[in-house]
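The following account leads the reader through a protein structure, from whole chains to single residues. Please keep the sequence and the coordinates in view while reading.

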Amino acid sequence: MVSRLALDADEATQWATRPECGAVVTFCGTTRSTSPTGHDIIELEYDTEIDLAETRIRAVAASARARWPEIVAIAIHHRVGVVGLREPAVVVAVSSPHRHDAFDAARFCIDAVKRTVPLWKREVWAGGSTWSTDATSIANVEDL
Amino acid sequence: MSRLILLGPAHEAAGIRRDDVDGSSVSEVLANARTRYGPNFAAVLAVSTVWLNGDTATLTQPVGPSDEIAVVPPVSGG
C-alpha cells in the first residue's frame with residue numbers, strides 16, 4: 001500500500017498477528033535528521049507514481065512468500081509526500097509460525113522495497129532541499 | 001507517438017510529468033524527449049532505467065500510441 005496519510009506501525013503489526021503465528025517482525029523506516037549532505041534534515045518528501053509503486057510492492061510480497069513459504073501475513077506500507085522527523089516513511093510487518101522466517105522475510109522485504117520500487121526521496125533542510133544521493137538503479141525483484 | 005512518464009528527478013528536470021512524444025521506437029522517443037526538455041533532462045536520462053509498459057525496455061523496441069515509456073531514475077525509497 002502507498003499512501004499520503006501517516007503510517008500506523010501498530011495497526012500493521014496487529015493486522016499481521018495471527019493465531020497460528022509465534023513471530024511478528026515489524027520494521028519502521030523513519031525520517032532522521034542526519035544526511036550525507038551535512039545539513040540538518042527537517043523532513044523528507046517522497047515522490048512516486050502510486051500505481052507503479054504498488055505493483056512493484058505486490059511483487060516484493062509475492063517474492064517473499066515464494067522464498068519463505070511459511071510466512072502467513074505480509075504488510076508493506078510506504079508513505080509519499082512530506083514525512084516529518086521521527087515519522088515512519090515505510091512499515092513492513094511479517095508474521096510466521098517461527099521467528100527465523102519472519103526476521104529473514106522482513107529484511108528481504110525492506111531491502112527489496114528500497115531496490116525495486118520506483119520511489120524518490122527528497123531531503124529538506126532549512127533553506128534548501130536535494131534529491132537523496134543514496135540512490136541505486138532500479139532492480140527487478142526476481143534478480144535479487 | 002507514445003505516452004512518456006517522467007518520474008522523480010526526471011519529472012523535475014523536464015518540468016512535466018506526462019507527455020506525448022513522437023517516435024516509432026524507444027530510442028526515437030527518447031531522442032525527441034532530450035531535444036524537447038534539454039540538457040538537465042538528458043543528464044538524468046543518462047543514468048536512468050527505461051521501462052516500456054512496466055518492463056525494462058530495449059532501445060530498438062517499436063512503440064505506438066498505446067505504449068507507455070517511463071523514465072526511472074535511480075531510486076531512493078525506504
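Of the 144 residues in chain A, 49% are buried, where buried means under 20% relative accessible area, exposed means over 50%, and partly exposed lies in between (1.4 Å probe, protein chains only). The model is a predicted one, in which local features need pLDDT of at least 70, side-chain atom pairs count only at pLDDT 80 or more, and totals for chains, interfaces and linings use all residues. Residues are numbered from 1 along each chain as its sequence is written, chains are lettered from A and ligands numbered from 1 in the order in which they are written, and side-chain values use heavy atoms, with hydrogens and water left out.

Chain A contains 3 helices and 8 strands, these being DSSP runs numbered from the N terminus, with helices as H or I of at least four residues and strands as E of at least two. Along the sequence the elements follow the order β-α-β-β-α-β-β-β-α-β-β. The radius of gyration of chain A is 15 Å, close to the 15 Å given by the globule rule for 144 residues, so the chain is as compact as a globular protein of that length; the radius is taken over C-alpha atoms, and the rule is 2.2 Å times the number of residues to the power 0.38. Taken along the principal axes, the C-alpha atoms of chain A fill a box of roughly 50 × 30 × 25 Å.

Contacts, defined as heavy atoms within 4.5 Å, describe how chain A is connected. Among those between residues at least 6 apart in sequence, 72% join residues at least 24 apart. Chain A exposes about 7300 Å², with carbon and sulfur atoms supplying 50% of that area; accessible areas come from the Shrake-Rupley method with a 1.4 Å probe, and for residues only the protein chains shown count as cover. The chain carries 15 positive and 20 negative side chains, and the centres of the two sets lie 3 Å apart. Here Lys and Arg count as positive and Asp and Glu as negative, while His and the chain ends are not counted; each charge is placed at NZ of Lys, CZ of Arg, CG of Asp or CD of Glu.

Individual residues of chain A add detail. H77(A) belongs to strand β4, residues 73-79. Apart from its neighbours within four places in sequence, H77(A) is in contact with M1(A), L7(A), A12(A), A89(A), V90(A) and V91(A). The C-alpha atoms of H77(A) and V113(A), 36 residues apart along the chain, are separated by 10.0 Å.

How many disulfides are there over all chains? With a disulfide taken as a pair of cysteine sulfur atoms within 2.5 Å, the count is 0 over all chains. For C21(A), the nearest cysteine sulfur is that of C109(A), 14 Å away; C21(A) is buried, at 14% relative accessible area. The sulfur of C28(A) is likewise unpaired, because the closest cysteine sulfur, in C109(A), is 14 Å away, too far for a bond. C28(A) is partly exposed, with a relative accessible area of 32%.

Chain B has 3 helices and 5 strands, which run β-α-β-α-α-β-β-β from the N terminus on. Its radius of gyration of 11 Å agrees with the value near 12 Å expected of a compact globule with 78 residues. The C-alpha trace of chain B spans about 30 × 25 × 20 Å along its principal axes, and 53% of its 78 residues count as buried. Of the contacts in chain B with a separation of 6 or more, 51% are between residues 24 or more positions apart.

Within chain B, V50(B) sits in strand β3, residues 49-52, and is buried at a relative accessible area of 13%. Beyond its neighbours within four places in sequence, its contacts include V26(B), L30(B), L45(B), I69(B) and A70(B).

Backbone torsions complete the picture. Most residues other than glycine have a negative phi. R86(A), in the loop between β5 (81-84) and β6 (88-96) of chain A, has a positive phi near 70° and is exposed at 75% relative accessibility. N53(B), in the loop between β3 and β4 (55-56) of chain B, has a positive phi near 55° and is partly exposed, with a relative accessible area of 42%.
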